[in-house]
Amino acid sequence: MAGEAAAEPTPVKQTLRVAQLGSVKTVQVNASGASCRIGYITITRTSMCLDVAARVDLLLNGRPVGSASFEIKHSMGLKSSKLKWGESFTVGKATLVNASGIQVNVSVGAGRAVKTSVKYPQGSTLGPVRKGTVSYTATVKKKKTLTTPASYRFTFTKPGYTGGDITYASAKFRCDDTFWARNNRTRVKNPGCIFPGFAPTFALSHTDSKVKESAKHIADAQRAITGHPGASTPLHRITDKTTIDKHRTAMCGRIHAPSGKDCDEYPFAATKEGGNPRRGSTRIISASDNRTAGARLGGFYKSQRVLNGDAYYVHIK
């Protein structure tokens with residue numbers, strides 16, 4: 001009717017709804033068996049493979065009118081003797097349903113002590129496979145550790161639409177500069193980084209003449225002790241010298257080894273599980289054999305950056 005106001009048109013609201021599909025689980029694998037699977041973070045001591053599925057829905061006034069489905073894969077390799085490392089990632093080919101023109105931007109952070117640099121075709125259109133890299137540089141003070149994950153943000157935009165993003169994290173990595181001689185003036189291993197969520201394995205062999213007595217003792221002890229410490233359940237390193245000495249005394253203090261022989265204890269004195277005669281084993285073995293095995297264990301701690309409290313396994317071949 002004359003004089004009546006025209007009805008206001010219903011406003012159109014166009015938005016992007018972005019979601020990671022499913023939860024992500026972390027699993028450990030041997031270096032030879034590393035693989036990527038959707039929904040998993042797969043780690044070794046120095047490598048990570050992360051594969052997530054994602055979806056972008058185009059909404060018109062809250063109702064889906066299109067979608068894009070794709071995977072994002074990451075591969076990170078740490079350096080056990082360096083504080084610089086790299087990562088590659090791929091935004092996979094997307095299945096598009098009325099969803100052309102969605103643009104992607106990527107950012108990666110890891111806290112103030114880790115500098116990151118992302119190379120990616122920022123603003124590229126979702127659809128074809130797109131690859132990128134991340135460079136990391138950590139700063140760790142003397143005798144200190146740094147533990148953090150990388151944090152990923154993928155932002156999606158489309159002209160005329162309110163954008164959206166997804167965020168998720170890598171496995172936690174740890175960098176340290178803790179391997180110094182007792183005088184605190186000589187570094188015995190350069191600083192570096194590992195994934196502490198992976199428990200490495202210390203190995204000795206029955207057929208190695210230099211450590212065969214140690215190997216046999218450990219194998220026998222693992223079979224005899226309930227729970228098979230070091231075999232089916234991990235050991236945990238300790239570094240407090242007073243506690244280590246107490247453990248050694250508890251196991252070997254009343255045993256007098258003849259010349260050229262040592263009292264060997266398992267679990268090792270330098271583990272949380274050591275020092276308990278009711279759940280441990282002692283044996284008189286060659287001093288040379290015992291000390292060679294001990295030196296190799298110390299080398300293992302350094303090469304794998306096994307710190308106080310870290311879990312590890314012992315395997316006798």
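A salt bridge is taken here as a side-chain nitrogen of Lys or Arg within 4 Å of a carboxyl oxygen of Asp or Glu, and the legends below apply this to a predicted model.

**View 1. A salt bridge within helix α1, between Asp220 and Lys216.**
The side chains of Asp220 and Lys216 meet with an N to O distance of 3.0 Å. Because the two residues are 4 apart in helix α1 (residues 212-224), about one helical turn separates them. Asp220 is buried, with a relative accessible area of 18%, whereas Lys216 is partly exposed at 43%. Salt bridges that share partners join Lys216, Asp220, Arg223 and Arg283 into one network.

**View 2. Salt bridges between strand β15 and the loop that lies between α3 and β21.**
Of the 15 salt bridges found in a search of the whole structure, one joins the side chains of Asp310 and Arg174 at 2.7 Å, N to O. Asp310 belongs to the loop between α3 and β21 (311-316) and Arg174 to strand β15 (residues 173-176), so this pair ties together parts that are 136 residues apart in sequence. Both Asp310 and Arg174 are buried. Arg305 forms a salt bridge with Asp176, where the closest N and O atoms are again given as 2.7 Å apart. Arg305 lies in the loop between α3 and β21, and Asp176 in strand β15, so parts that are 129 residues apart in sequence are tied together by this pair. Arg305 has a relative accessible area of 0% and is therefore buried, and Asp176 is likewise buried, with a relative accessible area of 0%.

**View 3. Asp289, a buried acidic residue without a salt bridge.**
Asp289 is placed in helix α3 (residues 287-303). The nearest side chain of opposite charge is that of Lys212, which is 7.4 Å away, and a salt bridge would require the nitrogen and the carboxyl oxygen to be within 4 Å. When residues up to four places away in sequence are not counted, Asp289 touches Ser209, Lys210, Val211, Lys212, Glu213 and Ser214.

**View 4. Pairing of strands β2, β3 and β4.**
Strand β2 (residues 25-28) and strand β3 (residues 40-43) run parallel and are joined by 4 bridges, with Thr42 in β3 as the bridge partner of Val27. On pairing with strand β4 (residues 47-60), β3 takes the antiparallel sense over 4 bridges, and a hairpin joins β3 to β4 through 3 residues. Tyr40 stands opposite Asp51 in β4.

**View 5. The surroundings of Met48 in strand β4.**
Met48 counts as buried because its relative accessibility is 2%. Apart from neighbours within four places in sequence, the residues in contact with Met48 include Ile41, Thr42, His74, Met76, Glu87, Tyr152, Ala171 and Phe195. Cys36 is 12 residues from Met48 in sequence, and the C-alpha to C-alpha separation of the two is 9.0 Å.

**View 6. An open sheet of 4 strands with antiparallel pairing.**
The strand order is β10-β8-β13-β14, and the edge strands, β10 (124-125) and β14 (164-169), each pair on one side only. Strand β13 (residues 151-157) and β14 run antiparallel and are joined by 6 bridges, and Arg153 stands opposite Thr167 in β14.

**View 7. A nonpolar surface patch made by Val12, Leu60 and Val65.**
The patch covers about 230 Å². Val65 lies in strand β5 (residues 63-77) and is partly exposed, with a relative accessible area of 36%.

Terms used
Residues are numbered from 1 along each chain as its sequence is written. This is a predicted model: local features need pLDDT of at least 70, side-chain atom pairs count only at pLDDT 80 or more; totals for chains, interfaces and linings use all residues. Side-chain values use heavy atoms; hydrogens and water are left out. Buried means under 20% relative accessible area, exposed over 50%, partly exposed in between (1.4 Å probe, protein chains only). Lys and Arg count as positive and Asp and Glu as negative; His and the chain ends are not counted. Contact means heavy atoms within 4.5 Å. Two strands pair if DSSP finds at least two bridges between them. Patches are made of residues with over 30% relative accessible area and no salt bridge: like charges are joined within 9 Å, nonpolar side chains (Val, Leu, Ile, Met, Phe, Trp, Tyr) within 5 Å. Accessible areas come from the Shrake-Rupley method with a 1.4 Å probe; for residues, only the protein chains shown count as cover.
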